[in-house]
Amino acid sequence: MTKTAERLPAAAAHLAPPPSPAGGGRGRRILADQVRAYGFLLGGLVCFALFSWYPAIRAFVIAFQRYTPGSAPEWVGTANFRRVLHDPEFGAAWRNTLTFTLLALLLGFAVPFVLALVLNELRHAKAFFRVVVYLPVMIPPVVSALLWKWFYDPGAGLANETLRALHLPTSNWSNGTDTALISLVIVATWANLGGTVLIYLAALQSIPGELYEAAELDGANLLQRIRHVTIPQTRFVILMLMLLQIIATMQVFTEPFVITGGGPESATVTVLYLIYKYAFLYNDFGGACALSVMLLVLLGAFSALYLRLTRTEGDA
């Protein structure tokens, strides 16, 4: 038995297939797969290069030039930045943008979260109410803004007609200097809350039910369960949506452009709307690009924070 066992490895060695040459067909297959993958990506990369990267680089260059269509660009250094900084509307635009962002965070953070909690507790007609909540997102932004412009009309608008029917005082809404900005915040919150609600719903439904059962056994009421279970379990989603909302609301343009035109008395001029005025009303593309670079730097900081947090959470 011992001699037979010793002969088996030698016989198996003769039957084994010869080793494949190093770097043979396997390497060629990997290279072919990579070439094929980059070939599929080529169309997307070309689109990004033409419509995203090139305009961004071009805008950065024009920010340091005196540029008007039909004339040769002239390098002026930081003159565009200095001129924009001394514009009386510059401070108002940034103040309005930051105020809009803060108000949008207060409404856009609380309202979708509360709606998601309510929808998550429903036992009947869940699909119907999800469609109702998401419906504003499916309306084109310009159409939505035009509807709200009619709604806010101080004369025959639906808002004031409803207040009159209830014998309540009417408002100037988007035509008043003290109410115009908050009116636009309401429009933006209504138009975009659907997607946020669905994301919150997905986060809420991923929370293990055992945590709520344990909290109930400990005598926690509804608010205590939300505070000690719901919010800690969804804190990452909340933080991500908050950062994304800051980035989005600081680029608000459609609502002031369609509803108020930046008025009354520059009460709703935002940074993006001021960029539009420089480019298409003043025909000053250098100033418009200088403002764009300033906004890009600020939004780039928030974007870097978002990427850092998502990477940290992914590593965890």
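Colleague: Arg-36, buried or exposed?
Modeller: Neither label fits, because Arg-36 has a relative accessible area of 47% and counts as partly exposed. Bear in mind that this is a predicted model.

Colleague: What does Arg-36 form a salt bridge with?
Modeller: With Asp-33; the closest N and O atoms of the two are 2.9 Å apart.

Colleague: And where do Asp-33 and Arg-36 lie?
Modeller: Both are in helix α2, 3 residues apart, which is about one turn of the helix. Asp-33 is partly exposed too, with a relative accessible area of 45%.

Colleague: How many salt bridges does a search of the whole structure find?
Modeller: The search gives 5.

Colleague: Which residue does Asp-284 meet in a salt bridge?
Modeller: Arg-83, with 2.5 Å from N to O between the side chains. That pair links distant parts of the chain, as the two residues are 201 apart. Asp-284 sits in the loop between α13 (271-281) and α14 (285-315), and Arg-83 is in helix α3 (residues 79-85).

Colleague: Is Asp-284 buried or exposed?
Modeller: Buried, at a relative accessible area of 16%. Its partner Arg-83 is partly exposed, at 37%.

Colleague: What about Glu-89, what does its side chain meet?
Modeller: The side chain of Lys-277, in a salt bridge of 3.0 Å, N to O. This pair also links distant parts of the chain: Glu-89 belongs to helix α4 and Lys-277 to helix α13, 188 residues apart.

Colleague: Are Glu-89 and Lys-277 buried or exposed?
Modeller: Both are buried.

Colleague: Staying with α4, at what angle does it pack with α11?
Modeller: About 140 degrees, with the axes 10 Å apart. Here α4 covers residues 88-121 and α11 covers residues 235-249.

Colleague: Why is α4 called oblique to α11?
Modeller: The packing angle makes α4 oblique to α11, because roughly antiparallel would need an angle over 145 degrees.

Colleague: Left-handed or right-handed, that crossing of α4 and α11?
Modeller: The crossing of α4 and α11 is right-handed.

Colleague: How do the axes of α5 and α8 cross?
Modeller: At roughly 135 degrees, and the axes come within 5 Å. Helix α5 is residues 126-138 and helix α8 is residues 180-205. These two helices are therefore oblique to each other, and their crossing is left-handed.

Colleague: Change of topic. Which residues form the nonpolar patch on the surface?
Modeller: Tyr-38, Leu-41, Leu-45, Phe-48, Trp-53 and Ile-57. Together they have about 680 Å² of accessible area.

Colleague: Where is Trp-53 found?
Modeller: In helix α2, which covers residues 25-62. Trp-53 has 47% relative accessibility, so it counts as partly exposed.

Colleague: Why isn't 47% enough to say exposed?
Modeller: Because exposed means over 50% relative accessible area, and Trp-53 is at 47%.

Colleague: Last one, Leu-146. Which helix is that in?
Modeller: Helix α6, residues 141-151. Leu-146 is at 47% relative accessibility, so partly exposed is the label there.

Colleague: How many residues apart are Leu-146 and Pro-73 in sequence, and what about in space?
Modeller: They are 73 residues apart in sequence and 38 Å apart in space, C-alpha to C-alpha.

Technical notes: Residues are numbered from 1 along each chain as its sequence is written. This is a predicted model: local features need pLDDT of at least 70, side-chain atom pairs count only at pLDDT 80 or more; totals for chains, interfaces and linings use all residues. Side-chain values use heavy atoms; hydrogens and water are left out. Patches are made of residues with over 30% relative accessible area and no salt bridge: like charges are joined within 9 Å, nonpolar side chains (Val, Leu, Ile, Met, Phe, Trp, Tyr) within 5 Å. Accessible areas come from the Shrake-Rupley method with a 1.4 Å probe; for residues, only the protein chains shown count as cover. A salt bridge is a side-chain nitrogen of Lys or Arg within 4 Å of a carboxyl oxygen of Asp or Glu. Helices (H or I, at least four residues) and strands (E, at least two) are DSSP runs, numbered from the N terminus. Buried means under 20% relative accessible area, exposed over 50%, partly exposed in between (1.4 Å probe, protein chains only). Axes are lines fitted to C-alpha atoms, for helices over the stretch in contact, and angles run from 0 to 180 degrees between N-to-C directions. Angles under 35 degrees count as roughly parallel, over 145 as roughly antiparallel, 65 to 115 as roughly perpendicular and the rest as oblique. A crossing is left-handed if the near helix is turned anticlockwise from the far one by less than a right angle, and right-handed if clockwise.
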